[in-house]
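Work through the exercises below with the sequence and model open. Try each task before reading its solution.

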Amino acid sequence: MVPLRKLWSYWVGYMEARARYHRDDARQIAANNLRTLKKVTLLTVLLLALFLLATPCIIPGWQPTVWHVAFLPVSVVLTVVTLLYARTGSSNMATALCVAYEVVLFAAIIAIDVPGTPNAPGSFLSMLCVIMPVLFTMPFLLTFALILLAVAAFSVLAAAVKPASVWQYDIFEAVVAVFFALAVDALTTALRIRDYEARMKYKLLSTRDAFSDILNKRACKDSIVRYLNASAPKARCAFLILDLDDFKQINDTAGHLVGDAVLRRVGNMLQEAFRATDIIGRFGGDEFVVLAKGMTSYESVERKCRRIHERMAGLLADRGKTDVTCSIGAVLINEQSADYDSVFRQADAALYEAKQEGKHTHKIRPYRPQNA
């Protein structure tokens, strides 16, 4: 029973990982499927034309059936439709086109392998069952629903049309192909999931600051720009620039290891002080920025700044070091259209005022549009 439980646990974990991969990487999967589909539809037409031309030379006396001939124009139409509609790039369209291709291909192969050659063993269906999971990345149930329906239709038609000595062989081969398809699908999907997780890990590392474990300058700026553009012309948020006071002195007197610890703790503190939906990043050195979405009240930002000052005071308490202080410049954007550069300049000017007043304080200003 224990091995069965482990096998079941592995299967459940694999299916959850697969579902998560299809959900989180849907856009990239659609792009890959469409790119593959455009190539394989063209390749299908070329291979079929080559097959129709070369087979009579290889097998003397061979004549194409109506099913062989009909497959060519159908493949051409499918190729044209794919090239026309693949430009949309949507996940639903990508899936629909891939399903259409598989249905047409399975139907054509079944027609060729059964009524097209009723006295000969099938040549193509088993190979097709194994190839399909490799070609496209689709949900497990959809992939094998198509394969099982194709095998079922093939088996029924083969039993009805072919001699027993032939259809029994065909059905056995088709059933074996399903198991091979399962193995191939599991292997290729595991590799795709591993590649996706590696890409996500690299993407995460490329957007995180090494010291504070929050967004780095580029990723933070890009996120803020996207938010301001998406919420225009009625953006509602507070933009804060936080600068550590006399951070160089901390490095000089306590050492760079303590300085690095301060940066990490400030990053952690800001993540605890703000919501997960807010944008928090380090702009290099001892400067941090925060965009608090939906926060437009002066009182709310005032409380948040005071809370930051309080938390900063005990940042190095466990090391017996002096308090860490910071200056904050904040800009309130209340249902306005705002561009990143002007928001940053105004917050930076507010920060400069705070520094001029002796540091360890904050200044909050309403956002003023450039054309105001």
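**Exercise 1.** Find what V76, V77, V80, V81, L84 and Y85 form on the surface.

Solution. These six side chains make up a nonpolar patch with about 500 Å² of accessible area together. Patch members have over 30% relative accessible area and no salt bridge (a side-chain nitrogen of Lys or Arg within 4 Å of a carboxyl oxygen of Asp or Glu). Nonpolar side chains (Val, Leu, Ile, Met, Phe, Trp, Tyr) are joined within 5 Å. Areas are Shrake-Rupley values with a 1.4 Å probe; for residues, only the protein chains shown count as cover.

The model is predicted: local features need pLDDT of at least 70, side-chain atom pairs pLDDT 80 or more, while totals for chains, interfaces and linings use all residues. Numbering runs from 1 along each chain as its sequence is written, and side-chain values use heavy atoms, without hydrogens and water.

**Exercise 2.** Place V81 and classify its exposure.

Solution. Start with the helix: V81 sits in α3, residues 66–85. Helices are DSSP runs (H or I, at least four residues), numbered from the N terminus. Next, V81 is partly exposed, at 31% relative accessibility. Buried means under 20%, exposed over 50%, partly exposed in between.

**Exercise 3.** Identify which residues touch the most other members of the largest nonpolar core.

Solution. That core has 39 residues; Y101, F106, L125, F136 and I147 touch the most other members. A core joins buried Ala, Val, Leu, Ile, Met, Phe, Trp, Tyr and Cys residues through side-chain atoms within 4.5 Å. Helix α4 gives the most, eleven residues.

How values were computed
Patch = residues over 30% accessible without salt bridge, like charges linked within 9 Å, V, L, I, M, F, W, Y side chains within 5 Å. Helix = DSSP H or I, 4+ residues; strand = E, 2+ residues; numbered from the N terminus. Buried < 20%, exposed > 50% of the residue type's maximum accessible area, 1.4 Å probe, protein only.
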